[in-house]
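I opened my notebook to look for enclosed spaces first, then for a helix and a few strands worth following. Here is what I looked up, entry by entry.

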Amino acid sequence: MAGYIVRRVLQAIPVLLGTTFLIYFMVFAMPGDPIVALFGDKTPPPQVIEALRERYHLDQPFIVQYFIFLGNIFRGDLGVSFSGQPVSEVLASTFPVTLRLAALAIFFEMVAGITVGLISGLRKGGIFDASALVVSLILISLPIFVVAFVAQYIFGIQLGWFRTTVGIGAPMQDLILPALVLATISFAQISRLTRASVIDTEGQDFVRTAASKGLSRNRIVPVHILRNSLIPVVTYLAVDFGTLMVGATVTEGIFNVPGVGRTLYQAIIRGEGPTVVAFVTVMVLIYLVVNLLVDLLYAVLDPRIRYAK
Amino acid sequence: MKIKRIGVAAIALAAAGALTLSGCTSGAPSSTEGAGSSTAIITTNGSEPQNPLIPTNTNETGGSKITESIFAGLVYYDVDGAPHNDVAESIETDDSQTYTIKIKPDQKFTNGEPVDANSFVDAWNYGAALDNAQLNSYFFEGIEGFSYDENVPELPGLEVVDDTTFTVTLAQPESDFPLRLGYTAFKPLPASAFDDLEAFGENPVGNGPYMLDGEGAWKHNEKIDLVVNPDYDGPLKAVNGGLSIIFYATQEASYADLQGGNLDVLDQIPAGALSTYQSEFEGRSVNQAFSGIQTFTVPERLPHFSGEEGKLRLAALSKAIDREEITDVIFEGTRSPAHDFTAPTLDGYSEDIPGTEVLEFDPEGAAELWAEADAISPWSGSFQIGYNADGGHGPWVDAVANQLKNNLGIDASGAPYPTFAEFRTAITDRTIQTAFRTGWQADYPALYNFLGPIYGTGAGSNDGDYSNPEVDSLLDEGLAETDLDAANEKFQQVQEILFQDLPAIPLWYYNVNGAWSELVDNVQYGWNSVPLYYQVTKSE
């Protein structure tokens with residue numbers, strides 16, 4: 001097991017190097033000069049542009065810029081945003097917020113999705129199953145910004161149950177509404193996935209054996225059916241967690257969550273290379289870690305899977 | 001068993017949700033005082049400053065909203081844009097070239113350092129020096145000794161006479177120099193700022209009506225808290241307890257917060273709410289012109305747009321656009337059709353300058369002019385207007401293109417660039433091969449600011465490379481006048497020529513659209529669209 005983990009971590013190093021290089025190249029190749037954009041509709045004198053380019057090393061060829069960046073990273077210096085804040089500080093203030101938002105959303109979609117999926121699967125073809133299908137289809141087909149705006153309008157402005165946007169410091173109670181919005185989309189996926197998996201497992205021999213052994217339904221369902229149905233669901237949850245960590249831009253914008261998606265979007269618009277690269281690097285790291293954890297979780301869920309050696 | 005546990009968790013969650021409901025409706029930070037409390041904090045919208053908070057390096061609204069509040073300049077602008085002395089005691093000149101500036105005695109920065117002549121001269125020298133690459137450096141280019149080619153650490157044109165007096169010598173007369181002095185770039189800095197300007201930009205120390213609420217008041221990407229500066233005793237003395245500027249990434253989020261009662265004063269309305277916000281916030285909203293104009297520029301270097309043919313075609317384009325209809329339909333009446341090249345809030349503005357008819361909608365006249373131009377050289381190809389797709393310009397560019405198509409019978413369309421940076425780069429390095437949208441928001445309230453920097457030969461923002469010696473000499477004459485009215489007369493003569501040449505085609509003036517909550521009173525929006533925060537009162 002330990003050997004397996006070490007191997008996976010070592011594998012992550014070239015992946016990380018490769019992605020930073022790619023991302024750096026893409027930011028560099030982005031058309032348009034961020035320095036010119038700093039001046040709005042006004043045109044700055046060329047000498048001032050030159051001086052600013054020099055300051056941000058933008059006058060160097062790409063490969064030199066990349067190695068300056070890489071060298072700084074090894075010294076623990078991720079660079080400085082245009083507003084003078086160290087990128088490491090930006091990371092430290094935004095990632096915990098998004099992490100909490102993602103965790104909350106995962107929690108909501110897991111609880112709701114697995115419950116609904118399990119019931120639907122056990123009572124296949126019933127009224128509950130049919131209505132769950134309809135609801136899932138509606139949720140899957142709604143774009144997230146529609147859900148977000150409607151939820152914000154009804155629960156935030158009309159009913160006043162939640163704060164319309166996330167307050168300073170992103171307290172947990174403010175994150176509930178955006179997390180519910182994020183959860184709606186994946187809830188549908190998870191409930192469908194669980195349902196199919198439960199139906200599949202229920203028809204397996206070992207379930208029939210357990211039933212004929214005289215085990216009660218209360219034991220068969222959680223231990224034999226649910227546990228064995230969860231493998232595809234866990235994979236999906238892990239992928240979804242990765243997506244939530246990087247892709248909540250729209251929801252974070254609508255609810256003004258000071259998290260990764262909103263900050264990264266602004267950095268891209270402003271052409272702040274160091275911020276973009278640092279953020280994406282950390283995202284890749286998270287993705288790698290989450291995937292490793294999922295693989296380890298398989299072994300826990302299904303004893304037949306072993307990472308021996 | 002697991003299922004039951006999940007059920008318990010769901011119930012616990014619902015209970016937790018119910019608990020938060022009672023806790024989250026209290027809304028904005030509150031004060032305990034009665035009506036018009038002098039300790040109440042006004043919450044308002046802003047955006048994360050793009051640069052450290054140093055006045056000479058702050059040129060966008062997110063940062064300048066803060067620097068304007070924490071620094072007091074020599075002059076300030078009232079709600080109509082008229083300049084009045086703030087820190088300055090007097091600003092005198094005989095020839096519009098040498099200015100003697102006296103500042104009020106015994107002024108202090110919030111760290112106790114004195115505000116004296118050196119505070120201004122040192123700050124300006126820093127802002128002007130090439131090596132410091134300050135975004136606002138071009139504001140100092142008129143001062144004697146300024147150079148873009150070599151680093152000048154101390155401008156010979158700035159001279160400290162005594163503690164409260166300094167002189168400014170310009171390279172040539174500029175009558176509107178005193179008008180500029182309220183702009184962010186001209187604010188003073190304490191001597192201690194120069195020890196470590198980067199640290200200073202994170203925790204700036206000023207002399208304005210507000211100051212930072214302690215070290216680290218700037219919570220990046222979230223908000224900045226300002227409290228009243230008790231030492232400030234100028235004309236902008238605040239009647240509230242402070243300002244909390246919340247950074248929003250989208251206009252929609254800030255509007256939702258106003259609707260939800262979490263925000264007091266808003267100075268932007270998202271496009272989707274433009275048609276409804278005035279009725280939703282009846283008596284608590286604003287829709288008024290401010291100092292900004294939208295235009296589009298057809299560079300002379302494009303085929304068919306030079307010489308006599310070009311003039312005919314430009315006039316035809318201008319007359320073929322129904323500005324009234326677009327401002328009504330696309331902008332819901334939140335823009336005002338343009339009648340000149342400047343803005344209606346400015347001193348000396350007139351909507352009856354000879355030649356302004358070319359901005360009136362006249363489809364027949366337009367078609368005739370276009371036909372005349374065709375007689376010189378037949379039109380070929382299509383007419384395109386470039387714009388940045390990330391700024392919400394698509395709808396109006398398409399509308400303009402459609403009107404050109406219908407009224408001139410030519411193929412016209414918008415040419416979007418994905419990002420602002422890409423768009424501006426194509427304009428700056430002159431690789432753009434179409435017409436393009438241009439706009440101007442005043443740095444300081446003066447006609448010259450809308451003319452000199454854009455239409456003077458070789459001027460910084462002359463993106464269309466327009467050049468007309470007559471315009472240049474009239475601009476110089478206007479600047480050399482010592483009397484502002486006489487100067488404005490010259491500038492209006494410049495506009496008469498511009499109406500003939502149309503180096504840019506004026507479309508409409510920007511409006512400020514804003515609204516405020518029931519808790520606040522006395523909300524006014526300034527000439528530059530920024531609310532006059534110091535006079536807002538808030539009750540609880």
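Before the entries, a term I lean on: helices and strands here are DSSP runs, numbered from the N terminus, with at least four residues for a helix and at least two for a strand. I also kept in mind that this is a predicted model.

**Entry: cavities**

I began with empty space, since rolling a probe the size of a water molecule over the atoms shows where it is left. I found five cavities of 30 Å³ or more. The largest holds about 170 Å³ of space.

I then listed its lining, which comes to 17 residues, with Thr297(B), Thr438(B), Ile454(B), Tyr455(B) and Ser461(B) lying nearest the centre. Strand S13 (285-297), strand S17 (435-441) and helix H13 (447-455) of chain B are the elements that each give two or more residues to that lining. Sorted by class, I had eight nonpolar, seven polar and two charged residues around the largest cavity.

Next I turned to the second largest cavity, with a volume of about 130 Å³. Its lining has 13 residues, and the closest to the centre are Ser81(A), Thr263(A), Glu272(A), Glu48(B) and Asn221(B). Which element gives the most to this lining? I noted helix H12 (residues 260-270) of chain A, with four residues. The classes here are three nonpolar, seven polar and three charged.

**Entry: helix H11 of chain B**

I checked the length of helix H11 (residues 394-408) of chain B. Its 15 residues should span 21 Å at 1.5 Å a residue, and the end C-alpha atoms are indeed 21 Å apart, so the two values agree. I looked up burial too: the buried residues of H11(B) include Trp396(B), Val397(B), Val400(B), Gln403(B) and Leu404(B). Just after H11(B) comes Gly409(B), with a positive phi near 65 degrees.

**Entry: strand S5 of chain B and its partners**

Which residues of strand S5 (residues 98-103) of chain B are buried? I found that Tyr99(B), Ile101(B) and Ile103(B) point to one face and are buried, while Thr98(B), Thr100(B) and Lys102(B) point to the other and are not.

On pairing, strand S4 (residues 88-93) of chain B meets S5(B) in the antiparallel sense over five bridges, and Ile91(B) stands opposite Ile101(B). Their hairpin has four residues between the strands, and there I noted Ser96(B) with a positive phi near 60 degrees.

S5(B) also runs antiparallel to strand S7 (residues 165-169) of chain B, joined by five bridges. In S7(B), I wrote down Thr165(B) as the bridge partner of Lys102(B).

Note on methods:
Residues numbered from 1 in each chain as written. Chains lettered and ligands numbered in written order. Predicted model: local features only at pLDDT ≥ 70, side-chain atom pairs only at ≥ 80, totals over all residues. Heavy atoms only, no water. 1 Å grid on protein atoms, 1.4 Å probe; cavity = no way out; pocket = protein on both sides within 12 Å on 5 of 7 lines; lining within 4 Å. Points joined across faces, edges and corners; volume = space filled by probe spheres on them. Nonpolar A, V, L, I, M, F, W, Y, C, P; charged D, E, K, R; others polar. Expected span 1.5 Å × (residues − 1). Buried < 20%, exposed > 50% of the residue type's maximum accessible area, 1.4 Å probe, protein only. Pairing = 2+ DSSP bridges.
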